[in-house]
Amino acid sequence: MNTPMENPVKPRVAVHKFSSCDGCQLALLNLGEDLLTLAGRVDLVHFAEAGPLDPDADVDIAFVEGSVSTPEDIERIRHIRAHSRLLIAIGACAVSGGIQGLRNGVFGEEWVTRIYSHPQAIASLERSTPIAGHVKVDFELWGCPVSGPQMLAVVNALLLGVTPRDNADKVCTECKRLGYPCVLVTRGIACMGPVTRAGCGALCPGIGRDCYGCYGPAENANTDALAARFRRQGLTTQAIVQRFQSINSQAPAFLAAAEKIRMGGDD
Ligand code: SF4
Ligand code: SF4
Ligand code: SF4
């Protein structure tokens, strides 16, 4: 990212939705009092879920939730990019194509006809793709959903004129720092923490369950080693593939890992 905010006085902000469940927008709404404070520092010109409506406005910061899934989405994201100084993609849908990316490669006429009673009403593209596949993105926030405090930190950084911090380390680093017992080591549960990007505060291990990778691949993720570990624990090829092919199935590191695991097959 190379364009921090230069004018911290009431920047104009928009929140746009593409193919998504709205959960990342809710994460912003759930900020409560912090959101009210934020609303006093920015001019929130478009945020349909919260009230303001002006999707064509010129803005300083556009937050974009959701993936590009229809021909109309392609036109709309180009329009938004042309009217936004900074564009921030928020959530797994926007940064990797999301859970709906599981259809990539299998979507076709026959599939649509089998599922929908009026297939002629379906105008989806064959692939669900991230925002960065279509326009320049200045910063990406991973997670399903993103964390509200993380979004707030990004806005605060931009208001201060600095580049937001991108933490691409692993969930394990947060987990260890917080002193949580490792579910992988102590209970043999197939935790994705060693290959998943930090940022959630090791939410799932914190309540005694496995990370399922909702923050997407971490930097230098050793997917081979984790897949081998899962195999030693007795997971089948299919079960290991499914660990990598869920919310961020189309993130290149997870896609490549799943392909490699499939090629290896069961012993
Ligand atoms: S990333 Fe998850 S929570 Fe956010 S919009 Fe997509 S499906 Fe919903
Ligand atoms: S519980 Fe998961 S995230 Fe925590 S240290 Fe173990 S493998 Fe890493
Ligand atoms: S621990 Fe993993 S699955 Fe749970 S919120 Fe964090 S990144 Fe997502």
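What follows looks at how the two domains of a predicted model meet and at what surrounds ligand 3.

The protein chain splits into two assigned domains, with domain 1 covering residues 12-160 and domain 2 covering residues 171-264. Measuring from one C-alpha centre to the other puts domain 1 and domain 2 25 Å apart. The two do touch: 15 residues on the domain 1 side are in contact with 13 residues of domain 2. Together, domain 1 and domain 2 bury about 1,100 Å² between them, and carbon and sulfur atoms supply 54% of that area. On the domain 1 side, the residues that give up the most area to domain 2 are Ser96, Trp142 and Cys144, which together make up 45% of what that side buries.

As for what holds polar partners across this interface, the tally of salt bridges between domain 1 and domain 2 comes out at zero. Polar contacts do turn up, though, with six residue pairs found across the interface of the two domains, both partners at pLDDT 80 or more. Sorted by class, the face of domain 1 that touches domain 2 is made up of seven nonpolar residues, seven polar ones and one charged one.

Turning to ligand 3, its surroundings include four cysteines, Cys200, Cys204, Cys211 and Cys214. The rest of the shell consists of Thr196, Leu203, Pro205, Tyr212, Gly213 and Tyr215. By class, eight of the residues around ligand 3 are nonpolar and two are polar, while no charged residue is found there.

Conventions
Residues numbered from 1 in each chain as written. Chains lettered and ligands numbered in written order. Predicted model: local features only at pLDDT ≥ 70, side-chain atom pairs only at ≥ 80, totals over all residues. Heavy atoms only, no water. Domains from an automatic or database assignment. Contact = heavy atoms within 4.5 Å. Buried area = accessible area lost by both parts, 1.4 Å probe. Salt bridge = Lys/Arg side-chain N within 4 Å of Asp/Glu carboxyl O. Polar contact = N/O pair within 3.5 Å; in protein donor to acceptor, adjacent residues only side chain to side chain. Nonpolar A, V, L, I, M, F, W, Y, C, P; charged D, E, K, R; others polar. Near = heavy atom within 4 Å.
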